[in-house]
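Here is a friendly briefing to read alongside the model. Keep the 3D view open and follow along, one topic at a time.

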Amino acid sequence: MFGQRHNFCPHSSHYRRFAQKMVAQLAKRYAANPQLVNWHINNEYGGMCYCEHCRQAFVAWLKNKYQTLDNLNQAWNAKFWAHTIHDWDEIVVPNELSEEAGNQTAFGAISLDYRHFQAASLLECYLLEKAEIEKYDTATPITTNFHGVPNNDIDYFKWTKHQDVISYDSYPQYDTPAHETAFWFDLMRGLGAGKPFMLMESTPGQVNWQAYSPLKRPGQMFTQSLQAIAHGADTVQYFQLKQSIGAQEKFHGAVIAHSQRTDTRVFKEIQRLGQMLARLVQLLKIAKCKPRLPYFLIGKTCGPYNIWQVLDKILTMSKSFKLIIVIFMSKTSPLM
């Protein structure tokens, strides 16, 4: 492994084989451990691959979806700008060598289908690992952490069907309005049909990858954690326990800083939060919420989305209304 995260090909037979073998060994070893409370597969799924393995798998995916080239060309309106496909082997992946430039595409239909395909491919990888765990443990809940606001690389709702509990990573910027953070918490609870979700990741202090990454002010972490609880979380967890001594996230906040001390302001604030949550346990067990008002939007296209900034408008509305937002790319979208 090298470079950035998510640098694997979801259609590499070697990757899938070794992923299964590794998960099987972990499941075999820890399935009977009484301290085990949840299986967490991978981390923040996402990313795109454009290799030949994926191109061939994409063509097979398209054949299954459209059956014939006539159907594909009609669905894609491929005659516009001379995109008509005459042979399946003519299909190339939509990247910056072909159709895409930055956050826009010159051929929306193939870009949309490719994202559906890549999302389905990542889901296949998740399900392979999930199946390995279930060979040894069918009782412990299994999840993977959703992230982003939103993460357009995966279809949250298709993945939700395979999560025993919804988990989410929340990293608002220093100036993110509180109602926007609440909005994404509401989405996570909505994905779980009103059941509580896990706040899988947050930072007790600061991140190290935003444009401005200041240390949270006194009481800010405590307040943000309770905001998650108020919107349906029944856990508050942090990345990371001990601050890394080097590499990419060595300046990312942690429960225990480089000083290794337990008398820091951040550590004491976490202690205070833990004491508060202990008093809320019974209340959290009976909390329920019924999600309402779904929204369906689509992005990455040259069109009204770029002008109207629909997401920004709905986030602004959320200050006054309790909404659940569903942002994903789907042929069932009323905007399609």
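Contact here means heavy atoms within 4.5 Å. By that definition, the buried residues of helix 1 pack against strand 1 (39-40) and helix 4. Please keep in mind that this is a predicted model. The protein chain has 10 helices and 10 strands, and 45% of its 336 residues count as buried.

**The chain as a whole**

- Among contacts with a separation of 6 or more in the protein chain, 70% come from residues 24 or more positions apart.
- The exposed area of the protein chain is about 18900 Å², with carbon and sulfur atoms supplying 57% of it.

**Helix 1**

- Helix 1 has 18 residues, and from its first C-alpha to its last it reaches 26 Å, close to the 26 Å expected at 1.5 Å a residue.
- Its buried residues are Arg-16, Ala-19, Val-23, Ala-24 and Ala-27.
- These residues cover an arc of only 135 degrees around the axis, which puts them on the same side of helix 1.
- Turned away from that buried side is a face carrying the exposed residues Lys-21, Met-22, Gln-25 and Arg-29.

**Helix 3**

- Leu-69, Leu-72, Asn-73 and Trp-76 are buried in helix 3, which spans residues 69-76.
- Seen down the axis of helix 3, the buried residues fall within an arc of 95 degrees, so they line one face of the helix.
- What do they pack against? The partners of the buried residues of helix 3 are helix 2 (52-66) and helix 4 (108-136).
- Asp-70 and Gln-74 are exposed, on the face of helix 3 turned away from its buried side.
- Just after helix 3 comes Asn-77, with a positive phi of about 50 degrees.

**The nonpolar cores**

- The largest nonpolar core has 41 residues, of which Phe-146, Trp-159 and Met-188 touch the most other members.
- Elements giving two or more residues to this core include helix 1 (13-30), helix 4, helix 6 (178-191), strand 7 (197-201) and helix 8 (265-286).
- Apart from this core lies another, of 20 residues, among them Cys-49, Ala-57, Trp-76 and Ile-110.
- Trp-76 thus appears twice in this briefing: it is one of the buried residues of helix 3 and a member of the 20-residue core.
- Leaving aside neighbours within four places in sequence, Phe-146 is in contact with residues including Ile-154, Trp-159, Ser-167, Met-188 and Leu-191.

**Thr-143, a buried polar residue to look at**

- Thr-143 lies in strand 4 (residues 142-143).
- Is Thr-143 buried or exposed? Its relative accessibility is 0%, so Thr-143 counts as buried.
- The side chains of Thr-143 and Ser-167 are joined by a polar contact of 3.1 Å.
- Beyond its neighbours within four places in sequence, Thr-143 is in contact with Asn-38, Trp-39, His-40 and Tyr-126, among others.

**Leu-273 in helix 8**

- Leu-273 is found in helix 8 and, because its relative accessibility is 2%, counts as buried.
- How far apart are Leu-273 and Thr-223 in sequence and in space? They are 50 residues apart in sequence and 9.2 Å apart in space, C-alpha to C-alpha.
- Not counting residues up to four places away in sequence, Leu-273 touches Met-221, Phe-222, Ser-225, Leu-226, Val-236 and Tyr-238.

Note on methods. Residues are numbered from 1 along each chain as its sequence is written. This is a predicted model: local features need pLDDT of at least 70, side-chain atom pairs count only at pLDDT 80 or more; totals for chains, interfaces and linings use all residues. Side-chain values use heavy atoms; hydrogens and water are left out. Buried means under 20% relative accessible area, exposed over 50%, partly exposed in between (1.4 Å probe, protein chains only). Helices (H or I, at least four residues) and strands (E, at least two) are DSSP runs, numbered from the N terminus. The arc is that of the directions from the helix axis to the C-beta atoms. Accessible areas come from the Shrake-Rupley method with a 1.4 Å probe; for residues, only the protein chains shown count as cover. A nonpolar core is a set of buried Ala, Val, Leu, Ile, Met, Phe, Trp, Tyr and Cys residues joined through side-chain atoms within 4.5 Å. The expected span of a helix is 1.5 Å times one less than its number of residues. A polar contact is a pair of N or O atoms within 3.5 Å; within protein, one must be able to donate a hydrogen and the other to accept it, and residues adjacent in sequence count only if both atoms are side-chain atoms.
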